[in-house]
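Hi,

Here is the structure I promised to send over. Have a look at it first, and then read on for what I found in it.

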2 protein chains.
Amino acid sequence: MKLTIKEEDYLETIYRLSANLDSIRISDIARSRGVTMPTVISAISRLKESGMVNQSYYGKVYLTAAGKEAATEVYETHSILRLFFGEVLGLSMEASEENACKVEHGISREVIERLKKLIYFMRNCSSKAENCRFRNIDNVFPQSDGETGFNQ
Amino acid sequence: MKLTIKEEDYLETIYRLSANLDSIRISDIARSRGVTMPTVISAISRLKESGMVNQSYYGKVYLTAAGKEAATEVYETHSILRLFFGEVLGLSMEASEENACKVEHGISREVIERLKKLIYFMRNCSSKAENCRFRNIDNVFPQSDGETGFNQ
DNA sequence: TGACAATGTTAGAATACTCTAATATATTCT
DNA sequence: AGAATATATTAGAGTATTCTAACATTGTCA
């Protein structure tokens, strides 16, 4: 019953749309993902078969309990990654968002838990200057653009 | 001319095999990636069309200059991610390797450069105890297993 | 209410990736 | 060299993902 990357992407899109819309149409998903409606229809029909989504002929799209659970997991992963890229690495909002989208699939629970700790730790660092002095890693070395000198 | 994730995976596999083997066969790649030989043949034929690989009928596989360049880039990304997971997040070697494989595609150059800085910074932290006291993030909070209390 | 616009669906196609089964070529060993 | 083994290739199939074109249904507003 493992979902593909694309299936997870569609679930996440539906989940995110449901924050702003009370009912979700095929066209909303298509617009949001930048694909055509037939593409969405085909994705949704696969998700219906996996029991992740409900949708009747010409009807609205709903996540099932299983679909909501899967979507929530992907979304939480996405959110933590976005925070990490933004707060710890100091990337712009757009770059953080974009990288989070690329990376959010297949990363382990363990990584997410430790990223949470790292973000937490860094937030503490930033407020207690005697302990550690940085806000994000770009702030620590604003001048040296990449030359940290590793080979492995 | 953008490569797919799988194409990058095959290039990286060839690149890594070339460290230990002086000539690379279809069967080496198949074994290394856990796929069948016809699958490799089909991947290689696509890579030949993109000018990333050379291989003659029943012959050995070679990366072209472009192939080597692409493979090197993926491999460097992989290596930095592995270091980050191991040194900063404190994951096991196997978990670091596995997560690096999943994440290495599509992550931006900017992220890699800042991860380098972060690893560098952490290495410095570890040696200068007055500045910051950790070896890896799991070491800082060895007890609290995940409860850092965020909601976003 | 009927026409037009918006939305949804089906049909048919293409690409990427994988497999198994069958066949062809190379390599190795006696 | 000839047989046995290893390796490579082709053929054919299946799934996932996307598209365009054609058609169906729904919604809106004049």
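By class, the surface near DNA strand C is made up of ten nonpolar, seven polar and three charged residues. Keep in mind that this is a predicted model, and that every value below is computed from it.

Staying with DNA strand C, 20 residues sit around it, and the ones that come nearest are A:Ser27, A:Ile41, A:Tyr58, B:Thr4 and B:Thr39. Which helices supply that surface? In chain A, α2 (26-33) and α3 (37-49) each give at least two residues, and in chain B α1 (5-20) and α3 (37-49) do so too. The largest share is from α3(B), which puts in four residues.

What part of DNA strand C does the protein meet: sugar and phosphate, or bases? Of the strand's atoms within 4 Å of the protein, 72% belong to sugar or phosphate, and the rest belong to bases. A few phosphate contacts are worth finding on your screen:

- B:Thr39 has a side-chain N or O atom 2.3 Å from a phosphate oxygen of DNA strand C.
- B:Thr4 also uses a side-chain N or O atom, here 2.6 Å from a phosphate oxygen of DNA strand C.
- A:Ile26 uses its backbone instead, with an N or O atom 3.3 Å from a phosphate oxygen of DNA strand C.

Now for the other strand. DNA strand D has 20 residues around it, and A:Thr4, A:Thr39, A:Arg46, B:Ser27 and B:Ile41 come nearest. Of the atoms of DNA strand D that come within 4 Å of the protein, sugar and phosphate account for 74%. The class count for the surface near DNA strand D is ten nonpolar, seven polar and three charged residues.

For DNA strand D, the helices that each supply at least two residues of the surface are α1 (5-20) and α3 of chain A, along with α2 (26-33) and α3 of chain B. Here α3(A) gives the most, with four residues. The phosphate contacts to look at in chain A are these:

- A:Thr39 places a polar side-chain atom 2.4 Å from a phosphate oxygen of DNA strand D.
- A:Arg46 has a side-chain N or O atom 2.6 Å from a phosphate oxygen of DNA strand D.
- A:Thr36 has a polar side-chain atom 3.1 Å from a phosphate oxygen of DNA strand D.

I also went through how some of the helices pack. In chain A, the axes of α2(A) and α3(A) come within 9 Å and cross at roughly 110°, so α2(A) is roughly perpendicular to α3(A). Their crossing is right-handed. On the α2(A) side the contact is made by A:Ile26, A:Ser27, A:Ile29 and A:Ala30, and on the α3(A) side by A:Met37, A:Val40, A:Ile41 and A:Ile44. Sorted by class, that contact has seven nonpolar residues, one polar and no charged ones. You will recognise some names there: A:Ser27 and A:Ile41 are among the residues that come nearest to DNA strand C.

The helix α3(A) packs with α1(A) as well, at an angle of about 100° and with the axes 10 Å apart. That angle makes α1(A) roughly perpendicular to α3(A). Here A:Glu7, A:Tyr10, A:Leu11 and A:Ile14 of α1(A) meet A:Thr39, A:Val40, A:Ala43, A:Ile44, A:Arg46 and A:Leu47 of α3(A). The contact of α1(A) with α3(A) counts seven nonpolar, one polar and two charged residues. A:Thr39 and A:Arg46 come up again in this list, having already appeared among the residues nearest to DNA strand D.

Over in chain B, how do α1(B) and α2(B) sit against each other? They pack at about 110° with their axes 10 Å apart, and are therefore roughly perpendicular. From α1(B), the residues in contact are B:Asp9, B:Tyr10, B:Thr13, B:Ile14 and B:Leu17, and from α2(B) they are B:Asp28, B:Ile29, B:Ser32 and B:Arg33. By class, this contact has four nonpolar, two polar and three charged residues.

Cheers

Terms used
Residues are numbered from 1 along each chain as its sequence is written. Chains are lettered from A and ligands numbered from 1 in the order in which they are written. This is a predicted model: local features need pLDDT of at least 70, side-chain atom pairs count only at pLDDT 80 or more; totals for chains, interfaces and linings use all residues. Side-chain values use heavy atoms; hydrogens and water are left out. A residue is near a molecule or strand if one of its heavy atoms lies within 4 Å of it. A polar contact is a pair of N or O atoms within 3.5 Å; within protein, one must be able to donate a hydrogen and the other to accept it, and residues adjacent in sequence count only if both atoms are side-chain atoms. Ala, Val, Leu, Ile, Met, Phe, Trp, Tyr, Cys and Pro count as nonpolar, Asp, Glu, Lys and Arg as charged, and the others, Gly among them, as polar. Axes are lines fitted to C-alpha atoms, for helices over the stretch in contact, and angles run from 0 to 180 degrees between N-to-C directions. Angles under 35 degrees count as roughly parallel, over 145 as roughly antiparallel, 65 to 115 as roughly perpendicular and the rest as oblique. A crossing is left-handed if the near helix is turned anticlockwise from the far one by less than a right angle, and right-handed if clockwise. Contact means heavy atoms within 4.5 Å.
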